[in-house]
Amino acid sequence: MATTEECRTALDKLSDNMAGADGDVRAAAALDRSLSCRITDLDITFVGRLKGGRIEVLDTLQGPPPERAQIRLTMNGDDLVSMVNGELNFAKAWGSGRVKLEAGLRDLFRLRTLL
């Protein structure tokens, strides 16, 4: 089972990957939205913002987030680490229900480029 620190490192790596992307991926990541990433097996939620093509984690909370973010991810820690390391395909994990992504329709269309 992935630790809180491993999950935080994975989010930082994902942020670095998005910031270094070009073209459509960079444009899709250029949103300014509140963001939460709920790690179910650790019962924690990373909250922050997707801003300027980067994920800014502002806090780590125990349990579910107190407020509904504009972009919401839910998964277990191992899946987060595996996705960021390229071992788990996001689209397949999302399609099978292992990963949940919730956002407004317009944001989902923009984020699909990242998938």
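## Exercises on helix H1 and the nonpolar core

In this predicted model, the face of H1 turned away from its buried side carries two exposed residues, Glu5 and Thr9.

**Exercise 1.** Determine which residues of H1 are buried, and establish how they are arranged about the helix axis.

*Solution.* Step one is to list the residues with under 20% relative accessible area: in H1 these are Cys7, Ala10, Leu11, Ser15 and Met18. Step two is to look down the axis of H1: the buried residues fall within an arc of 140°, so they line one face of the helix. Step three is to inspect the face turned away from that buried side, where Glu5 and Thr9 are exposed.

**Exercise 2.** Check the span of H1 against the value expected at 1.5 Å a residue.

*Solution.* H1 has 16 residues, which should span 22 Å at 1.5 Å a residue. The end C-alpha atoms of H1 are 23 Å apart, which agrees.

**Exercise 3.** Describe the largest nonpolar core and the surroundings of Met75.

*Solution.* The largest nonpolar core comprises 29 residues, and those with the most contacts inside it are Ile39, Phe46, Ile71, Met75 and Leu80. Elements that each supply at least two residues of this core include helix H1 (4-19), strand E1 (33-39) and strand E4 (71-75). H1 gives the most, with four residues. Leaving aside residues up to four places away in sequence, Met75 touches Cys37, Arg38, Ile39, Thr40, Leu80, Met83, Arg98 and Val99.

**Exercise 4.** Characterise the span annotated as a domain in UniProt.

*Solution.* The unreviewed UniProt entry assigns "domain: SCP2" to residues 29-102. This span is 20% helix and 43% strand, and its end C-alpha atoms lie 15 Å apart.

Methods: Residues are numbered from 1 along each chain as its sequence is written. This is a predicted model: local features need pLDDT of at least 70, side-chain atom pairs count only at pLDDT 80 or more; totals for chains, interfaces and linings use all residues. Side-chain values use heavy atoms; hydrogens and water are left out. UniProt positions are given in the numbering used here, feature names are shortened, and annotations may be inferred rather than shown by experiment. A nonpolar core is a set of buried Ala, Val, Leu, Ile, Met, Phe, Trp, Tyr and Cys residues joined through side-chain atoms within 4.5 Å. Buried means under 20% relative accessible area, exposed over 50%, partly exposed in between (1.4 Å probe, protein chains only). Contact means heavy atoms within 4.5 Å. The expected span of a helix is 1.5 Å times one less than its number of residues. The arc is that of the directions from the helix axis to the C-beta atoms.
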